[in-house]
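Reader: I should be grateful for a close look at the aromatic rings and at the parts of the fold around them. Could you take me through this step by step?

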Amino acid sequence: MAKLIIGMVHLQPLPGTPYHEEGSFPRTLDVAVESARALSDGGADGCLVQTVERVYRVDDESDAARTAAMTLVVNAIVQATGPGFQVGVQLMRNALRASLAVATVTGASFIRAGALVGATLTEHGLVTADPMGVMEYRRRIGARGVRVLADVDSGHFTWYGGGKPTAEVARAAVKVGADAVVLGHADERRTTELITSVREAVPGVQVILAGHTDHANAARLLARADGAFVGGCLERGGWGGSIDVDLVRRYVEIVRGIP
């Protein structure tokens, strides 16, 4: 089965957020579309459009201007890349309803859920999941075709209070409606252990890596996982730079060569 390569499209602060710079949105939109095109031209399977705004709400809410801006960006990317290129939405930290709404009206393929079950402690406060509310909303707006990729152990999510194995978190996420789980650690051995435990607990679930891959380790890690979110190693100068189509092509060639 082909590995899923999802490049990251990181946005500058959007309207409706504290650090948005007035007049910057047109440039933010243009850069996002350029990045998505580079990923598509380089052979990636899709992209995740992710907000990067320095400070976030911890509840499942998104300012109206912010949601409208995200809709314009995602719609432009969907139109620029065409069928077959999977576009994802993540309004951080955990605005899942707004993310589902944006994906539904633009024709995007999936959302990434920072916390679909349980809770996770962040620098902005405790993010508490509301799986019932999210799944009810998903049904109400006809978004069942929008896949939900749920973090279960990553830089975005660690089970608050400890003591719950990642495999159990993954099982809980799938039970409430996740279509795939997202995990990963900076330590490669730890990532491998997480993948193994989830495979045993939830056979058949798609496991997506939450980063930490690059051109040097992609073949090893993706031999075990089903796909990866890929960021800094595809950007000129590292995280936050523009997408380099040649770096994308090299990464894709490595992953496509996995037996």
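Author: Tryptophan 159 has a relative accessibility of 24% in this predicted model. Buried residues lie under 20% and exposed ones over 50%, so tryptophan 159 counts as partly exposed. A positively charged side chain also belongs to this picture: lysine 164 lies over the face of tryptophan 159, at 5.2 Å from the ring centre. An arginine offers a second example, since arginine 54 lies over the face of tyrosine 19, at 3.6 Å from the ring centre.

How many aromatic pairs does the structure hold? There are 2 of them. A pair of aromatic rings is described by the distance of the centres and the angle of the planes. For phenylalanine 110 and phenylalanine 229, the centres are 6.3 Å apart and the planes stand at 40°. Planes under 30 degrees apart would be stacked and those over 60 edge-to-face, so this pair is tilted. The pair connects distant parts of the chain, because its members are 119 residues apart: phenylalanine 110 belongs to strand β4 (residues 110-113), and phenylalanine 229 to strand β10 (residues 227-230). Both phenylalanine 110 and phenylalanine 229 are buried. The other pair consists of phenylalanine 157 and tryptophan 159, with centres 6.4 Å apart and planes at 70°, so that pair is edge-to-face. Its two members can be set side by side: phenylalanine 157 is buried, with a relative accessible area of 1%, whereas tryptophan 159 is partly exposed at 24%.

The strands that carry the tilted pair, β4 and β10, both appear in a closed barrel of 8 strands, which runs β1-β2-β3-β4-β7-β8-β9-β10 with parallel pairing. On average, neighbouring strands of this sheet are turned by 25° against each other, direction ignored. Strands of a sheet pair through backbone hydrogen bonds, either parallel or antiparallel. Strand β3 (residues 86-90) pairs with β4 in the parallel sense over 2 bridges. Phenylalanine 110 takes part in this pairing as the bridge partner of glycine 88, and isoleucine 111 of β4 is the bridge partner of valine 89.

In a regular strand the side chains alternate between the two faces of the sheet. In β4 both faces are covered, with Phe110 and Arg112 buried on one side and Ile111 and Ala113 buried on the other. Strand β9 (residues 206-209) also has both faces covered: Gln206 and Ile208 are buried on one side, Val207 and Leu209 on the other. Strand β8 (residues 180-183) runs parallel to β9, and 4 bridges join them. Valine 181 has valine 207 in β9 as its bridge partner.

Helices lie against these strands. Helix α2 (residues 64-81) lies across β1 (4-11), β2 (46-51) and β3, and runs at about 165° to β2. Helix α1 (residues 25-42) has 18 residues, which should span 26 Å at 1.5 Å a residue; the end C-alpha atoms are 26 Å apart, so the two values agree. Among the buried residues of α1 are Phe25, Leu29, Ala32 and Ala36. An α-helix has 3.6 residues a turn, so residues three or four places apart point the same way. The buried residues of α1 pack against β1, β2, α2 and α8 (245-256). Glycine 43 follows α1 and has a positive phi, near 100°.

Helix α6 (residues 188-201) reaches 20 Å from its first C-alpha to its last, close to the 20 Å expected for its 14 residues. Its buried residues include Thr191, Leu194, Ile195 and Val198, and the cover over the buried residues of α6 includes β7 (147-153), α5 (166-176), β8, β9 and α7.

The loops complete the view. Histidine 215 is placed in the loop between β9 and α7 (218-222) and counts as buried, at 17% relative accessibility. Although histidine 215 and cysteine 233 are 18 residues apart in sequence, their C-alpha atoms are 7.2 Å apart in space. Apart from residues up to four places away in sequence, histidine 215 touches Cys233, Leu234, Leu247, Arg250, Tyr251 and Ile254. Aspartate 244, in the loop between β10 and α8, is buried with a relative accessible area of 17%. Leaving aside neighbours within four places in sequence, aspartate 244 is in contact with Leu234 and Arg236.

Key: Residues are numbered from 1 along each chain as its sequence is written. This is a predicted model: local features need pLDDT of at least 70, side-chain atom pairs count only at pLDDT 80 or more; totals for chains, interfaces and linings use all residues. Side-chain values use heavy atoms; hydrogens and water are left out. Rings of Phe, Tyr and Trp (its six-membered ring) pair if their centres lie within 6.5 Å; planes under 30 degrees apart count as stacked, over 60 as edge-to-face and the rest as tilted. Buried means under 20% relative accessible area, exposed over 50%, partly exposed in between (1.4 Å probe, protein chains only). A charge sits over a ring if NZ of Lys or CZ of Arg is within 6 Å of the ring centre and within 35 degrees of the ring normal. Two strands pair if DSSP finds at least two bridges between them. Axes are lines fitted to C-alpha atoms, for helices over the stretch in contact, and angles run from 0 to 180 degrees between N-to-C directions. Contact means heavy atoms within 4.5 Å. The expected span of a helix is 1.5 Å times one less than its number of residues.
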